[in-house]
Every structure is written in structure tokens, then in C-alpha cells.
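Welcome! Take a moment to look over the sequence and turn the structure around before reading on. The report below walks through a few places that are worth finding for yourself.

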Amino acid sequence: MFVCLGNHCRSPLAHGYFQSLLEKHGLESDIEVASSGTSGWHIGEAPDPRISRVARRHGVGLEHIRGQKITKADLRTCDLILVMDRSNLRDVLSLDRDSRYINKVSLLRTFDPSSMDDEIPDPYYSGIFEEVYTIVSRACDSLLGEMKGHLERP
Ligand code: 4NP
């Protein structure tokens with residue numbers, strides 16, 4: 001599960017991009033993808049049209065994604081929770097008072113070995129949607145590379 005503040009820009013992009021990557025590699029039935037926000041501001045809404053436009057230009061559809069808020073149950077049921085920035089990390093870990101699921105939670109960008117930064121900036125006010133696409137896609141490419149090494153193959 002990819003998590004940002006609003007589930008409106010960054011995490012829907014990671015969600016849709018990673019799904020399209022899984023389809024390209026024939027892995028869509030091996031790994032389930034979801035996204036959510038730490039806030040409930042955009043529950044039930046389609047992603048921000050500005051990120052959908054950028055994603056579409058790169059051949060990635062986000063139309064099927066609807067905003068939802070992360071719950072404690074998500075911490076239990078998801079294998080991996082990938083957050084965009086430290087504020088998301090704090091908010092997600094605040095749902096896990098006993099630190100039971102702390103090992104499931106990581107900053108998505110730390111998977112990109114070429115990046116000096118470990119946060120993905122919030123484009124909502126800055127408008128840096130194309131830059132965020134580059135950052136998210138690189139991190140997701142590296143994430144899949146790492147996950148493929150852990151998939152059991154017959
Ligand atoms: P996101 O960006 O966390 O990447 O979805 C935001 C979306 C909406 C708002 C803030 C950040 N907002 O203030 O509504």
C-alpha cells in the first residue's frame with residue numbers, strides 16, 4: 001500500500017504506475033496494490049486531474065483509483081506500507097502504538113539507489129507533477145526489482 005497525505009497525488013500515482021509495471025512483467029496476480037492517505041480529505045474522490053494528466057501522458061491510467069484513508073486494519077493486512085515523506089511516516093506510525101508493524105513501513109524513495117533524498121515532495125501546491133512522476137517511477141522500478149528477488153517461482 002502506497003501512502004501520502006491526501007491519497008490524491010503521490011500515492012495514486014505510485015499505485016497506478018506500480019500496477020502498470022506489474023502488468024508489463026506479468027505479475028499482476030502475484031502482488032496486490034493499493035493506496036491511501038493519512039488524511040480523509042479526498043475520500044471517494046478521483047486523483048487530482050493534474051497528476052492524472054501527467055500519468056496519462058506516460059501511458060499510465062489512474063481513473064480507477066478512489067481516495068481512502070489508511071486504517072489500523074491496513075497495517076495488519078498489508079505486507080508493505082510505502083510512504084512518501086517523513087510526515088506520512090510519523091502519521092502512519094502513530095496508528096501503530098505498540099510498534100508491531102514498524103518493519104512493514106518504509107519511505108518509498110529509499111528504494112531508489114540513485115537518489116540522495118529519501119522523501120517525495122508534495123506537488124499539490126508547488127505544481128511539480130512531472131518531477132514527481134520521474135521520482136515515483138524510478139523508486140517503483142527499483143522497488144519491483146527488489147520484490148522480484150523475493151517472489152517464489154515454481
Ligand atoms: P498528496 O498531495 O499527499 O500527494 O495526495 C496532497 C493532496 C491534497 C492536499 C495536500 C496534499 N490538500 O491539501 O488537499
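Let us begin with a loop. Serine 99 sits in the loop that runs between helix H4 (86-93) and strand S4 (105-107). Bear in mind as you look that this is a predicted model. The phi angle of serine 99 is near 55 degrees, which is a positive value in a residue other than glycine. Is serine 99 buried or exposed, or something in between? Its relative accessible area is 41%, and because the partly exposed class covers values between 20% and 50%, serine 99 is partly exposed.

**A second positive phi**

Now move to asparagine 7, in the loop between S1 and H1. Asparagine 7 also has a positive phi, about 50 degrees, although it is not a glycine. Here the surroundings are another story: asparagine 7 has a relative accessible area of 1%, so it counts as buried.

What does asparagine 7 touch, once residues up to four places away in sequence are set aside? The answer is Pro12, Ser35, Ser36, Gly37, Arg66, Gly67 and Gln68. With glutamine 68 there is a polar contact, in which a polar atom of the asparagine 7 side chain lies 2.9 Å from the backbone nitrogen of glutamine 68. You can also check a distance on the backbone: the C-alpha atoms of asparagine 7 and isoleucine 70 are separated by 9.3 Å, and these two residues are 63 residues apart along the chain.

**The partner in helix H1**

The side chain of asparagine 7 also makes a polar contact with the side chain of serine 11, at 2.9 Å. Serine 11 belongs to helix H1 (residues 10-24). Serine 11 has 0% relative accessibility, so it is buried. Its side chain has a further polar contact, since a polar atom there lies 3.3 Å from the backbone oxygen of serine 36. If you leave aside neighbours within four places in sequence, serine 11 is in contact with Phe2, Val3, Cys4, Ser35, Ser36 and Met84.

**Aromatic pairs**

How many aromatic pairs does the structure hold? There are three. One of them joins phenylalanine 2 and phenylalanine 18 in an edge-to-face arrangement, with 5.7 Å from centre to centre and 70 degrees between the planes. This pair links distant parts of the chain, as phenylalanine 2 is in strand S1 (residues 2-4) and phenylalanine 18 is in helix H1, 16 residues apart. Another pair is formed by tyrosine 17 and tyrosine 133: their ring centres are 5.8 Å apart and their planes meet at 85 degrees, so this pair is edge-to-face. It too links distant parts of the chain, with tyrosine 17 in helix H1 and tyrosine 133 in helix H6 (residues 129-148), 116 residues apart.

Why do the four residues of these two pairs count as buried? A residue is buried when its relative accessible area is under 20%, and the table gives the value for each.

| Residue | Relative accessible area | Class |
|---|---|---|
| Phenylalanine 2 | 3% | buried |
| Phenylalanine 18 | 2% | buried |
| Tyrosine 17 | 8% | buried |
| Tyrosine 133 | 8% | buried |

**Around the ligand**

Finally, find the ligand. Asparagine 7 turns up again here, among the residues that surround the ligand: Cys4, Leu5, Gly6, Asn7, His8, Cys9, Arg10, Trp41, His42, Asp122, Tyr124 and Tyr125. This shell divides into six nonpolar, four polar and two charged residues.

Which residues bring polar atoms to the oxygen atoms of the ligand? Leucine 5 has a polar backbone atom 3.0 Å from an oxygen atom of the ligand. Histidine 8 likewise has a polar backbone atom 3.0 Å from a ligand oxygen. Arginine 10 takes part with its side chain, where a polar atom lies 2.8 Å from an oxygen atom of the ligand. Taken alone, the ligand exposes 360 Å², and the protein buries 93% of that.

Key: Residues numbered from 1 in each chain as written. Predicted model: local features only at pLDDT ≥ 70, side-chain atom pairs only at ≥ 80, totals over all residues. Heavy atoms only, no water. Near = heavy atom within 4 Å. Polar contact = N/O pair within 3.5 Å; in protein donor to acceptor, adjacent residues only side chain to side chain. Areas by Shrake-Rupley, 256 points an atom, 1.4 Å probe, with all protein chains shown as cover. Nonpolar A, V, L, I, M, F, W, Y, C, P; charged D, E, K, R; others polar. Helix = DSSP H or I, 4+ residues; strand = E, 2+ residues; numbered from the N terminus. Buried < 20%, exposed > 50% of the residue type's maximum accessible area, 1.4 Å probe, protein only. Contact = heavy atoms within 4.5 Å. Phe/Tyr/Trp six-rings, centres within 6.5 Å; stacked < 30°, edge-to-face > 60°.
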